[in-house]
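Colleague: I am new to this one. Please walk me through it, and expect me to ask for reasons.

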Amino acid sequence: MDNKKKIVIGVAILILLVTIGGVIYYTIYKNVTDRETFDGKTENLGNIPVDTTNNSFDLYNSKTEYIGNNSNVSKLLERLEIYELGNYTIELKTDIEPYALIIEFNDIRLDEEKVNEKMNMYSKILLALINNADEIHWKINDVEKGIVTVSNIDIDNIKNYGESSEKLHSLLINIGYYQ
């Protein structure tokens with residue numbers, strides 16, 4: 001009788017662990033089908049895991065038409081968490097083309113090489129999500145460190161990645177945003 005109780009208890013614990021594991025897996029990796037976009041339309045995201053899709057969806061919903069919209073550009077920079085690189089100010093060059101966003105860091109939290117690497121990646125995302133942005137510049141202590149433009153970028157048709165959260169998600173994966 002003692003061995004029988006041990007077996008029953010063991011099976012019950014196993015069933016409980018499998019159930020808990022299934023719930024955790026489903027919660028983290030469940031697939032998303034439809035979501036409402038920033039303009040109120042419904043978009044099918046297919047079978048992209050929620051854990052990464054949420055970030056691309058949030059970024060996509062921060063998309064802005066005009067680089068001159070300081071409030072929307074600032075919200076997009078917050079979503080990208082650029083503040084983690086250091087204290088910064090922005091300048092919007094909107095008087096003549098090419099339209100540019102200039103990010104000036106006056107106190108960086110990472111080494112300069114890491115900031116440049118991250119800003120190169122973030123610039124691609126910004127070009128995809130600010131419709132009329134042509135250039136993203138960044139400076140550290142008044143010294144220009146990088147420029148990414150629509151024409152010098154190593155990705156064809158960067159603006160196409162801003163057309164949907166699914167396309168943006170693909171860009172984020174391709175440029176190593178999730179690593």
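**Surface, core and salt bridges**

Modeller: The accessible surface of the protein comes to about 10,600 Å², and 50% of that belongs to carbon and sulfur atoms. Keep in mind that this is a predicted model. The protein has 5 helices and 6 strands. From the N terminus on, they run α-β-β-α-α-β-β-α-β-β-α. Of the 179 residues, 36% count as buried.

Colleague: Why is Ser123 called buried?

Modeller: Buried means under 20% relative accessible area. Ser123 has 0%, so Ser123 is buried. Its place is in helix H4. Leaving aside neighbours within four places in sequence, Ser123 is in contact with Ile136, Trp138 and Val148.

Colleague: How far is Ser123 from Leu101?

Modeller: Their C-alpha atoms are separated by 9.4 Å. Along the chain, the two are 22 residues apart.

Colleague: Which residues touch the most other members of the largest nonpolar core?

Modeller: Ile82 and Leu126 do, in a core of 35 residues. Two or more residues each come from helix H2 (50-61), helix H3 (70-80), strand S4 (100-108), helix H4 (112-129), strand S5 (135-140) and H5. H4 gives the most, with 9 residues.

Colleague: What does Leu126 touch, leaving aside its neighbours within four places in sequence?

Modeller: Leu126 is in contact with Leu76, Leu77, Leu80, Ile82, Leu101, Ile103 and Ile136.

Colleague: What puts the buried residues of H5 on the same side?

Modeller: In helix H5 (residues 165-174), the buried residues are Ser165, Leu168, His169, Leu171 and Leu172. They cover an arc of only 160° around the axis, so they sit on the same side of H5. After H5 comes Gly176, with a positive phi near 80°.

Colleague: What makes Glu112 and Lys145 a salt bridge?

Modeller: The rule asks for a side-chain nitrogen of Lys or Arg within 4 Å of a carboxyl oxygen of Asp or Glu. For Glu112 and Lys145, the closest N and O atoms are 2.8 Å apart. The pair therefore meets the rule. It links distant parts of the chain: Glu112 is in helix H4, Lys145 is in strand S6 (residues 143-149), and they are 33 residues apart.

Colleague: Why do Glu112 and Lys145 count as partly exposed?

Modeller: Partly exposed lies between the 20% limit for buried and the 50% limit for exposed. Glu112 has 33% relative accessibility, so Glu112 fits. Lys145 has 32%, so Lys145 fits too.

Colleague: How many salt bridges are there by this rule?

Modeller: The count comes to 3. One of them joins Glu117 and Lys114, at 3.5 Å from N to O. Both lie in helix H4, 3 residues apart, about one turn of the helix. Glu117, at 48% relative accessibility, is partly exposed. Lys114, at 33%, is partly exposed as well.

Colleague: How do you know that Lys167 and Glu163 form a salt bridge?

Modeller: The limit is 4 Å. Their side chains meet at 2.6 Å, N to O. The pair therefore qualifies. Lys167 has a relative accessible area of 37%, so Lys167 is partly exposed. Glu163 has 44%, so Glu163 is partly exposed.

Colleague: Which residues make the nonpolar surface patch of about 290 Å²?

Modeller: Ile7, Val11 and Ile15 make that patch. Val11 lies in helix H1 (residues 2-29).

Colleague: Why is Val11 allowed in a patch?

Modeller: Patch residues need over 30% relative accessible area. Val11 has 43%, so Val11 passes that limit. At that value, Val11 counts as partly exposed.

How values were computed
Residues are numbered from 1 along each chain as its sequence is written. This is a predicted model: local features need pLDDT of at least 70, side-chain atom pairs count only at pLDDT 80 or more; totals for chains, interfaces and linings use all residues. Side-chain values use heavy atoms; hydrogens and water are left out. Patches are made of residues with over 30% relative accessible area and no salt bridge: like charges are joined within 9 Å, nonpolar side chains (Val, Leu, Ile, Met, Phe, Trp, Tyr) within 5 Å. Accessible areas come from the Shrake-Rupley method with a 1.4 Å probe; for residues, only the protein chains shown count as cover. Helices (H or I, at least four residues) and strands (E, at least two) are DSSP runs, numbered from the N terminus. Buried means under 20% relative accessible area, exposed over 50%, partly exposed in between (1.4 Å probe, protein chains only). The arc is that of the directions from the helix axis to the C-beta atoms. A nonpolar core is a set of buried Ala, Val, Leu, Ile, Met, Phe, Trp, Tyr and Cys residues joined through side-chain atoms within 4.5 Å. Contact means heavy atoms within 4.5 Å.
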